[in-house]
Structures are given as structure tokens and as C-alpha cells.
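Visitor: I would like to know how the labels on this model are earned. Please set the values against the cut-offs for me.

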Amino acid sequence: VILGDGELQEGQIWESLPGAARDNLNEITIVVDANEIQSDTWVTKTSPLGDLRSRVEGCGWQFLECDGHSLDSLGSVLTRKQSVPTFIVADTVKGAGINSMMAFATEGKFYKFHSGSLDDSNYNSSMKELLLRMGRQIPPNQQFASGVELNFESDNAPKSRPESLVTSWSKLLSDTMTENSDLVILDADLSYDTGTYLARERFPNRYIQTGIAEQDMVSIAGTLALSGLTPIVHSFATFLSMRPTEQIFNNLTERTRVIYCGFLAGLIPAAPGFSHQAVTDVGIFLSLPNIDVIEPSCIGELEAALSFATASSRSTYIRINSVGSPIAKSQLVLKPGVGVPRRSGSDLAIIVSGTTMLTQALEAAELLSSDEIEVSIYSYPFLGSQPEENFLSAMEGYSHIFILENHLPALGNFHCFKDSFTSAIVTRIGIDELPKNGRNDEVLAYHTLNAESIFRLIKKESA
């Protein structure tokens, strides 16, 4: 079993060790890639692992260490089997073989090469350095005068990236904490990807980094809420919905206010695969009591969602797409059961939530307009909320209403709308199987959620 040292913050690992020793599962060998850096920064700065040897041996395992860059060193410990399971810490250097990747400052805050692919320039430079190193037989974990340098930003600043709700959230969150002294931020080793880093810098005493330990993070949030504070919990939507569901439910039974923020929500980005594609989170959260589920479609809706959540007496789940940044609607006040007009048309209507679906719907509407089919588009941020009478009345003129859902079937918008109209046909366009992985464009096309597919489906239904 190969583990990362940051991964050792996961509770499941420590739950598994004692049982494996008790049941004499001596064929198991764990090798930890101990490079001391995890998603954002140093493991010790995120959530220190403590005395690993004592923890492991206390669970009944053999504990060994080696040089993870030496096959001889690895081989010597892999053959030292005992009548107990074996736990090997292989000391490594993250980014070994490329000087710039190994040179992460001791005080560095953002390691630049944990995730995401290199641009062409840095890729070609890295390949050149690796080939030089191999030709000169330089060990991968040693710096050497290669004459090759990668172009990357400071270790103390996050990587630049396209505008999205994540970039907007980082500033919005920090500004909101200035105005609300009872807010406390919690993060699970995803400061860059959830945009909590500005709040962390400005309000270090109101920022809690739990590491990769979502159940613990949610439990801490529950206690803070009972103390009269307002915790805002951050992680990827799939991690936040599936790993700590029990703890979230327990918090909800106490009728306190916790704000849960799930990022990377929906089908895309699709390259990280099943573990990161949040398509079950809507169904999970909508099955829970005492919580509102909001999926904003732009920065204006995101700001309004946070305002609603901080003023509400209930908990809120804010489902945040990490791709796209449609034109913002400003000065919004969001209400359950009410849609936000995004485009006017007389023939049919599309109801969406989230940046991904709004972007695709707007592009599909332009394609339909060229075929003389005029489409109205409404974003409907409160997922699973029953439409108000005034909003239903505004929709009466449409003979066909299409609901786009960037998640698996759930008690969401389609469920609420399909029984609310007697004169209009209501059709769902959404995911209904395990999500595919790959490039964003091809995955959206496979699931018929790209603009071209939406255009073809609506044109066919309207014929």
C-alpha cells in the first residue's frame, strides 16, 4: 500500500492499523512517500503527524525507515518481514530530479507543483534537466548546476488562475470576516483550491486548519456553532458531502448555524476523476433536515448566498462550481422558490443553477436563437425549494421548461418543478450515471450537458 505523509492525517488509516495487527494480516506492507509536503504546503504546518514510530508500533506494526530514492535502501526494508504488518517511511524530496521543484522555502506557503500540469515552457525545461541529470548520473534528490530554471511564482503567493467563483470567494470571504467578528474559517488542506488563504492571512486567530480530516473539521464546527460563533467549513464538495455526513447530521440536530462550502462541485473539472467529481452531494444534502442548499451562478449570487447564510438561523450548504465566471447579477437578495432572470425569450424556458450550467445554457440559447427559437433562462439558486406562486405565474407562458442539473437525480429542481406545472412540459437534462473522466469539453458532451447537446435536445423536443 502506497501512502503520502499528508494522507496520514486521514482518520481511516489509524482506524485500520490495530485490526490488521490483531488479525495477523502480516502480508500487508505500507510504504509512505514521506516528502513532507502536501496539497498546499509543509505537512508540519498543516497538521503535524507527531511521533509516527510510537503511533505505529503502538498499533502492533513493525516500523522501518529508508531512503526512498535508493532502490538498495528500499529493498533492504522490504525484505525485513516479521510476524506483524510492516509500516515503512520512505524519506523523499518532493519534485526530486528538478531543482526548481525541490527548492520549496522553509517558510513557503504555496507549493506550486502538487497538482495541475506544467505549461509547455516549464515542461520542456523539466525534461531537459532530467535528461542532463540522467546523463551525468546525478542522484535525483541532489541539487546540481543544470543551468535550467523553471518560471513560477513566489512560494508565498497562490498560483495565478482564471477568474472563477473561487477567486471571487477569496476576497468576499476576507471582506465578510472584517464585517462579522463571529465568523471562523475551517479548511481541510485546500486553502488554495477553496480560496481561504486571504482570510487566513488577515485573521489567523479565526482560521483553523485541520488537515485532511473532514470528520474532525465538521465536529469542530459543531462545537463552535454551539458556542455562538458562525463556522464556515471548506473542502471539495465530494469530500465534504460523503466523508462527514454523520457529523453534519449531528450538527443539524442541534439546530445551530454552520455554513458548509463545497468546491469543485459538479461534473467538471473532470480530469481528477471520480473521487473529485461531486455529483452525489446535492442528493445527500437535500436529504438532510434543517439546511438550505444554494448553488450560485455568478459572483453576485455567491455574495447574496453568503449574506443569506450568515443571517439565517439554519445551516446552509453553498455548492460552488470551480470553473467559469458568468456575468454577475448585482445587488441580489436570494429567496427560496424564486428564480433570477438571465435571458428573455418567448418560446420556452431553461432553469439552471451554477456557473457551469448557466454558461452552457446561454451558449445554447444563442444557437437556438439563430434557428428562431427564443429562450428565457432563469438561474434557480435554492436547490430543491418549492417555487413561489409569483414565480410560477411568471413561467405560465412557456409550453416547455427544461431543467439542467449538474448532479445525479435527486430531490432537486426538476423534482420540484415537474409537478408544479399543468400546462407546460418539464424535461430534465442532467447526469444519470457514473460521471465520465477526461477533458471538460468531452465529458460535458458525453453527458449532453454542453451547449451543442443542449441545443440539439431542445430543438428536437420543440419540433
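Guide: Gladly. Strand β5 (residues 183-187) and strand β7 (residues 230-236) run parallel, joined by five bridges. Bear in mind that the model is predicted.

Visitor: What makes β5 and β7 a pair?

Guide: Pairing takes at least two bridges. Five bridges join β5 to β7, so the two strands pair. One of the partnerships sets L186 against V233 in β7.

Visitor: Which helix packs on the sheet there, and what does it touch?

Guide: Helix α10 (residues 214-226) packs on the sheet. It touches β5, β6, β7 and β8 (259-263). The direction of α10 makes about 165 degrees with that of β7.

Visitor: What is the strand order of the sheet with β5 and β7?

Guide: The order is β6-β5-β7-β8-β10-β9, an open sheet of six strands with parallel pairing.

Visitor: Why do β6 and β9 stand at the edges?

Guide: β6 (207-209) and β9 (291-294) each have a single partner strand, so one side of each has no neighbour in the sheet. From one strand to the next, the twist averages 20 degrees.

Visitor: Why is α10 called roughly parallel to α12?

Guide: α10 and helix α12 (residues 245-253) pack at about 10 degrees, with axes 8 Å apart. Roughly parallel means under 35 degrees. The angle of about 10 degrees falls under that limit, so α10 counts as roughly parallel to α12.

Visitor: Which residues make the contact of α10 with α12?

Guide: From α10 come Q215, V218, S219 and G222. From α12 come Q247, I248 and N251. Two of the contact residues are nonpolar, five are polar and none is charged.

Visitor: What about the sheet of four strands?

Guide: The four-stranded sheet is also open, in the order β1-β2-β4-β3, with parallel pairing. Its edge strands are β1 (2-4) and β3 (62-67), each pairing on one side only.

Visitor: How do you know that β3 pairs with β4?

Guide: Six bridges join β3 to strand β4 (residues 86-91). At least two are needed, so the pair qualifies. Among the bridge partners are E65 and, in β4, V89. Helix α4 (residues 71-78) packs on this sheet, touching β2 (29-34), β3 and β4.

Visitor: Why does H407 count as buried?

Guide: Buried means under 20% relative accessible area. H407 has 3%, so it counts as buried. H407 lies in the loop between β14 (400-405) and α17 (413-418). Leaving out residues up to four places away in sequence, H407 touches V279, V282, R319, R428 and I431.

How values were computed: Residues numbered from 1 in each chain as written. Predicted model: local features only at pLDDT ≥ 70, side-chain atom pairs only at ≥ 80, totals over all residues. Heavy atoms only, no water. Contact = heavy atoms within 4.5 Å. Axes fitted to C-alpha atoms, helices over the stretch in contact; angles between N-to-C directions. Buried < 20%, exposed > 50% of the residue type's maximum accessible area, 1.4 Å probe, protein only. Parallel < 35°, antiparallel > 145°, perpendicular 65-115°, else oblique. Nonpolar A, V, L, I, M, F, W, Y, C, P; charged D, E, K, R; others polar.
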